[in-house]
Amino acid sequence: MKTLRFAATALVGALLISGAAIAADTAKVNPAKSADIAHHGLKATDFPRWHLLAPNIYAYEDTLITPEFTFTTNSLIIVTTEGVVLVDGQDNEARANGLIGAIKKITPQPLKYVVIASDHGDHVGGFPTLKAAFPDAVYISSTASLKTMQGAKRPVLATEIVDDKRSIKLGGTEIQILNLGRGHTGGDLVVYLPASKIMFMSELFDRNIFPPMVTGHPSEWVATVKKAQAMDVTWFIPGHGFTAGPPDVLKADLAEFLKAVELVVSEGKRLHATGAPCPTEKDCPANKQANWGPYANSTAAAGQAPRALARMYSEIDGKLPK
Ligand SMILES: [Zn+2]
């Protein structure tokens, strides 16, 4: 009996230890759910790279490098018999040259349109270089993004505006530029290809990355993603984070990303109501009380979580841009 009891105690002890080990493991990053290229055995020199999503439609990835992590910054290249449409650029001259080289390798067709789906510097900084290579391309943005780029002294090349919807037919390919609502920048656009059911979400979808909300509209972001999910889409392509993978995994990761945005909204409301302060991302004691659940280990969470919380507080306090 004694031996048995000892054995039983040892067994319980072992279970407790393995339980603790499991808890510790789940606190670590799951590489499959990380946007960090290092977790996938990749180096910055492995980029740029691109792959075919459907005939003549390419997802293009270069890098956004920080001291803590490196993830991809993505563009969409649509090739038609009457020219190329590019959705989102890259952030500087060197990366723009990478993009120009890719377009020229893929097709002799000239660049006809550039859709500015995100107005942030990492997606527009290389446009002067792109413009020099393809001087006749027409740049398209929303009014809100045009104003943002003017105010932030980013390259301002947009001469055409889409505030609701515009359909371009080029070489038999229909390309819909849609404003589904605000999310990441306030001027967010998406590009939808009805024939191949591809939607380039730009930064409305930052795959396996904690929602970056420095210029975000948290509650509206939720509604905007839901609108996209309600459409007939097979491929949801993110603005950051890997573009490859089976369509159902991309879809599931978008649903996960939406949950993370919803969690920012609900944790923001909960913590704001407790009086826990978060006046700025740098002064955000409330973040220590936040429960970010599985998203606590998302790529960039350490920096983005207090930023997102401060932004949500601004929304609650009615301080976001109208
Ligand atoms: Zn970005």
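I count a residue as buried if 20 or more other C-beta atoms lie within 10 Å of its own, as exposed if 12 or fewer do, and as partly exposed in between. The model I am reading is predicted.

**Entry 1. S219**

I looked up S219 and found it in helix α6. It has 19 other C-beta atoms within 10 Å, so I enter S219 as partly exposed. Leaving out residues up to four places away in sequence, I find that S219 touches V265 and E315. I also took the distance from S219 to V264: the C-alpha atoms are 9.0 Å apart, with the two positions 45 residues apart in sequence.

**Entry 2. α6 against α7**

Next I took the helix pair around S219. Helix α6 covers residues 218-229 and helix α7 covers residues 247-274; their axes come within 9 Å and cross at roughly 155°. Angles over 145 degrees count as roughly antiparallel, and therefore I note α6 as roughly antiparallel to α7. I record the crossing of these two helices as left-handed.

From α6, the contact is made by P218, S219, W221, V222 and V225. From α7, I list L254, L258, V261, E262, V264, V265 and G268. Sorted by class, the residues of this contact are nine nonpolar, two polar and one charged.

**Entry 3. α7 by itself**

I then checked the length of α7. The helix has 28 residues, and from its first C-alpha to its last it reaches 41 Å, close to the 40 Å expected at 1.5 Å a residue.

Which residues of α7 are buried? I find L250, D253, L254, F257, L258, A260, V261, V264, E267, G268 and L271. The elements that cover these buried residues include β11 (198-206), α6, β12 (235-240), α8 and α9. After α7 comes G275, and I read its phi as positive, near 85°.

**Entry 4. α7 against α9**

I turned to the pairing of α7 with α9. The axes of α7 and α9 come within 9 Å and cross at roughly 70°. Angles of 65 to 115 degrees count as roughly perpendicular, so I note α7 as roughly perpendicular to α9. I record this crossing as right-handed.

The α7 residues in the contact are V264, V265, G268, K269 and H272, and they meet A308, L309, M312, Y313 and I316 of α9. I divide the residues of this contact into seven nonpolar, two polar and one charged.

**Entry 5. α9 by itself**

How many residues of α9 are buried? I count twelve of its 16, and I note the helix as mostly covered. The buried residues are Q304, A305, P306, R307, A308, L309, A310, R311, M312, Y313, S314 and E315. Among the elements that cover them I find α6, α7 and α8 (286-289).

I checked the span of α9, residues 301-316, as well. At 1.5 Å a residue its 16 residues should span 22 Å, and the end C-alpha atoms are 22 Å apart, which agrees. Just after α9, I find that G318 takes a positive phi of about 70°.

**Entry 6. Backbone exceptions**

I went through the backbone with one rule in mind. Most residues other than glycine have a negative phi, and most peptide bonds are trans.

The peptide bond from F47 to P48 is cis, and I read its omega as near 5°. I place P48 in the loop between α1 (2-26) and β1 (49-54).

N56 is a residue other than glycine with a positive phi, near 70°. I find N56 in the loop between β1 and β2. It has 19 C-beta neighbours inside 10 Å, so I enter N56 as partly exposed.

D88, also not a glycine, has a positive phi near 65°. I place D88 in the loop between β4 (83-87) and α2 (93-106). Is D88 buried or exposed? I enter D88 as buried, because it has 26 C-beta neighbours inside 10 Å.

**Entry 7. T66**

Last, I looked up T66, which sits in the loop between β2 (57-65) and β3 (70-80). I find 11 other C-beta atoms within 10 Å of it, so T66 is exposed. I also took the distance from T66 to A132: they are 66 residues apart in sequence, and their C-alpha atoms are 28 Å apart in space.

Note on methods:
Residues are numbered from 1 along each chain as its sequence is written. This is a predicted model: local features need pLDDT of at least 70, side-chain atom pairs count only at pLDDT 80 or more; totals for chains, interfaces and linings use all residues. Axes are lines fitted to C-alpha atoms, for helices over the stretch in contact, and angles run from 0 to 180 degrees between N-to-C directions. Helices (H or I, at least four residues) and strands (E, at least two) are DSSP runs, numbered from the N terminus. Angles under 35 degrees count as roughly parallel, over 145 as roughly antiparallel, 65 to 115 as roughly perpendicular and the rest as oblique. A crossing is left-handed if the near helix is turned anticlockwise from the far one by less than a right angle, and right-handed if clockwise. Two residues are in contact if their C-beta atoms, placed from the backbone, lie within 7 Å. Ala, Val, Leu, Ile, Met, Phe, Trp, Tyr, Cys and Pro count as nonpolar, Asp, Glu, Lys and Arg as charged, and the others, Gly among them, as polar. The expected span of a helix is 1.5 Å times one less than its number of residues.
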